[in-house]
Amino acid sequence: MTQHASEPTVQRVDSRHRYEVLVDGERAGLTAYRDRDGQRVFFHTEIDDAFAGQGLASLLVEQALTDVRASGKRIVPVCPYVAKFLKKHDEFADITDPVTPEVLEWLETALKR
């Protein structure tokens with residue numbers, strides 16, 4: 001019998017401020033965030049080369065943004081991939097905030113801690 005790869009799963013890892021996408025239990029990529037006053041600021045998304053081209057980034061970001069909505073927060077897409085995703089998926093437009101100089105300054109400070 002051939003073994004089918006299981007569906008990729010997305011999990012939020014609060015202790016590391018990120019969502020991870022897992023394929024057969026192996027981390028295939030992540031999207032990283034920091035929380036700021038009811039906003040979840042996404043600043044970096046990456047998929048490991050071994051898993052590129054499988055649509056995992058899109059799946060990861062979609063599930064992460066769905067989780068943000070469920071938690072009542074708003075999205076700030078500093079990450080270029082998240083920003084690009086949001087341009088194609090206007091179902092998240094109502095909970096998306098613009099990237100402002102204040103947010104970028106705050107993020108820089110938050111990431112140095």
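This report walks through a predicted model, from its sheet to its helices, its core and a few single residues.

**The sheet**

Start with the strands. Five of them form an open sheet, in the order 1-2-3-4-5. The pairing is mixed. Two strands sit at the edges: strand 1, residues 9-13, and strand 5, residues 74-77. Each of these edge strands pairs on one side only. From one strand to the next, the twist averages 30 degrees.

What holds the strands of a sheet together? Strands of a sheet pair through backbone hydrogen bonds, and they may run parallel or antiparallel. Both kinds of pairing can be followed here around strand 4.

Take strand 3 and strand 4. Strand 3 covers residues 26-36, and strand 4 covers residues 39-47. They run antiparallel, and eight bridges join them. Now turn to strand 4 and strand 5. These two run parallel, joined by four bridges.

Some facing residues can be picked out along strand 4. The table lists three pairs.

| Residue | Opposite residue or bridge partner | Where the partner lies |
|---|---|---|
| Tyr33 | Phe42 | strand 4 |
| Asp35 | Arg40 | strand 4 |
| Val41 | Val76 | strand 5 |

**Turns and positive phi**

Strand 3 and strand 4 form a hairpin, with two residues between them. Asp37 is in the turn. Its phi is positive, at about 40 degrees, although Asp37 is not a glycine. Why is that worth a second look? Because most residues other than glycine have a negative phi. Is Asp37 buried or exposed? Asp37 counts as exposed, because its relative accessibility is 76%, and exposed means over 50%.

Asp24 has a positive phi too, near 50 degrees, and is likewise a residue other than glycine. Asp24 lies in the loop between strand 2 and strand 3.

**Helices across the sheet**

Helix 1 spans residues 56-70. This helix lies across strand 1, strand 2, strand 3, strand 4 and strand 5. Strand 2 covers residues 18-23. Relative to strand 4, helix 1 runs at about 165 degrees.

Helix 3, residues 101-112, lies across strand 3, strand 4 and strand 5. Relative to strand 3, helix 3 runs at about 115 degrees.

**Where two helices meet**

Helix 1 also meets helix 2, residues 80-88. Their axes come within 11 Å and cross at roughly 80 degrees. Helix 1 is therefore roughly perpendicular to helix 2. Which residues make the contact? Helix 1 supplies Ala57, Ser58, Val61, Glu62 and Leu65. Helix 2 supplies Tyr81, Val82, Phe85 and Leu86. Sorted by type, the contact residues are seven nonpolar, one polar and one charged.

**The core**

The largest nonpolar core holds 20 residues. Six of its members touch the most other members: Tyr19, Phe42, Leu65, Ile75, Val82 and Phe92. Strand 2, strand 3, helix 1 and helix 2 are the elements that give two or more residues to this core. Which element gives the largest share? Helix 1 does, with six residues.

Look closely at Leu65. Leaving out residues up to four places away in sequence, Leu65 touches Phe42, Ile75, Val82, Phe85, Leu86, Phe92 and Ile95. Leu65 is also one of the residues through which helix 1 contacts helix 2.

**Two buried residues**

Ala28 is found in strand 3. Is Ala28 buried or exposed? Ala28 is buried, because its relative accessible area is 0%. Which residues does Ala28 contact, beyond its neighbours within four places in sequence? They are Val21, Leu22, Val23, Ile47, Asp48, Phe51 and Leu56. Ala28 and Ala52 are 24 residues apart along the chain, yet their C-alpha atoms are separated by 8.8 Å.

Arg18 has its place in strand 2. Arg18 is buried as well, with a relative accessible area of 11%. The cut-off for buried is under 20%. Leaving aside neighbours within four places in sequence, Arg18 is in contact with Gln11, Arg12, Val13, Arg27, Leu30, Thr31, Ala32 and Tyr33. Tyr33 appeared earlier too, opposite Phe42.

Technical notes:
Residues numbered from 1 in each chain as written. Predicted model: local features only at pLDDT ≥ 70, side-chain atom pairs only at ≥ 80, totals over all residues. Heavy atoms only, no water. Pairing = 2+ DSSP bridges. Axes fitted to C-alpha atoms, helices over the stretch in contact; angles between N-to-C directions. Contact = heavy atoms within 4.5 Å. Parallel < 35°, antiparallel > 145°, perpendicular 65-115°, else oblique. Nonpolar A, V, L, I, M, F, W, Y, C, P; charged D, E, K, R; others polar. Buried < 20%, exposed > 50% of the residue type's maximum accessible area, 1.4 Å probe, protein only. Core = buried A, V, L, I, M, F, W, Y, C linked by side-chain atoms within 4.5 Å.
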